[in-house]
Amino acid sequence: GLGFLHGGMISAFADGALAWAVWKATKRSSVTMRLSLDFLETVRIGDWLVAKPQHIETKGEIVHVEADLLRNNEQIAAHAVGVFNLLRRKAK
């Protein structure tokens, strides 16, 4: 209604992108333990939001990841940091 993307929607998008990075690095499903976001730019109607997630480290069952969320593939609109717990069973 105000012409920009709500922070909760950005958070949900970031959470999914970070979970994908965990799966790519470990080939295991996971659950979010911690999600932290810094909002740096406004994402407006018509903007394209792209996540660039990366695996930082895995210690046992705990995985650390982070992502820049780029507005129109240029400005960093948000930076996300996540900690995920690996599930016992592997993803199919």
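Is Arg-71 buried or exposed? Arg-71 is buried, with a relative accessible area of 16%. Keep in mind as we go that this is a predicted model. We will come back to this arginine after a walk along the chain.

Let's begin with helix α1, which covers residues 7–26. Its 20 residues should span 28 Å at 1.5 Å a residue, and the C-alpha atoms at its ends are indeed 28 Å apart, so expectation and model agree. Several residues of α1 are buried: Ile-10, Ala-14, Ala-17, Leu-18, Ala-21, Val-22 and Thr-26. Viewed down the helix axis, these buried residues fall within an arc of 155 degrees, so they line one face of α1. On the face turned away from that buried side, you will find the exposed residues Met-9 and Ala-12.

Just after α1 comes Lys-27, placed in the loop between α1 and β1. This lysine deserves a pause. Its phi is positive, about 60 degrees, although Lys-27 is not a glycine. Most residues other than glycine have a negative phi. Lys-27 counts as partly exposed, because its relative accessibility of 43% lies between the 20% and 50% limits. Lys-27 also lies over the face of Trp-23, at 4.8 Å from the ring centre. As for rings meeting rings, a search of the whole structure finds zero aromatic pairs.

Next, turn to the strands. Strand β2 (residues 49–59) and strand β3 (residues 62–71) pair in the antiparallel sense, with ten bridges between them. To pick out one position in this pairing, Lys-52 has Asp-68 as its bridge partner in β3. The two strands form a hairpin with two residues between them, and in the turn Gly-60 has a positive phi of about 65 degrees. Further along, the loop between β3 and β4 (75–90) holds Asn-73. Asn-73 is not a glycine, yet it has a positive phi of about 60 degrees. With a relative accessibility of 48%, Asn-73 counts as partly exposed.

Now for the charged contacts. The count comes to four salt bridges. In one of them, Arg-28 meets Glu-61, with the closest N and O atoms 2.8 Å apart. Arg-28 lies in strand β1 (residues 28–39) and Glu-61 in the loop between β2 and β3, so the pair ties together parts that are 33 residues apart in sequence. How do the two partners sit with respect to the surface? Arg-28 is buried, with a relative accessible area of 16%, whereas Glu-61 is partly exposed at 38%.

Here we return to Arg-71. This residue forms a salt bridge with Asp-47, and the closest N and O atoms are 3.9 Å apart. The pair links distant parts of the chain, since Arg-71 is in strand β3 and Asp-47 is in the loop between β1 and β2, 24 residues apart. While Arg-71 is buried, Asp-47 counts as partly exposed at 23% relative accessibility.

Another salt bridge joins Glu-57 and Lys-59, whose closest N and O atoms are 3.9 Å apart. Glu-57 counts as partly exposed at 31% relative accessibility, and Lys-59 counts as exposed at 54%. Finally, salt bridges that share partners join Glu-41, Asp-47 and Arg-71 into one network, which brings our tour back to the arginine where it began.

Technical notes: Residues are numbered from 1 along each chain as its sequence is written. This is a predicted model: local features need pLDDT of at least 70, side-chain atom pairs count only at pLDDT 80 or more; totals for chains, interfaces and linings use all residues. Side-chain values use heavy atoms; hydrogens and water are left out. Two strands pair if DSSP finds at least two bridges between them. Helices (H or I, at least four residues) and strands (E, at least two) are DSSP runs, numbered from the N terminus. Rings of Phe, Tyr and Trp (its six-membered ring) pair if their centres lie within 6.5 Å; planes under 30 degrees apart count as stacked, over 60 as edge-to-face and the rest as tilted. A charge sits over a ring if NZ of Lys or CZ of Arg is within 6 Å of the ring centre and within 35 degrees of the ring normal. The expected span of a helix is 1.5 Å times one less than its number of residues. Buried means under 20% relative accessible area, exposed over 50%, partly exposed in between (1.4 Å probe, protein chains only). The arc is that of the directions from the helix axis to the C-beta atoms. A salt bridge is a side-chain nitrogen of Lys or Arg within 4 Å of a carboxyl oxygen of Asp or Glu.
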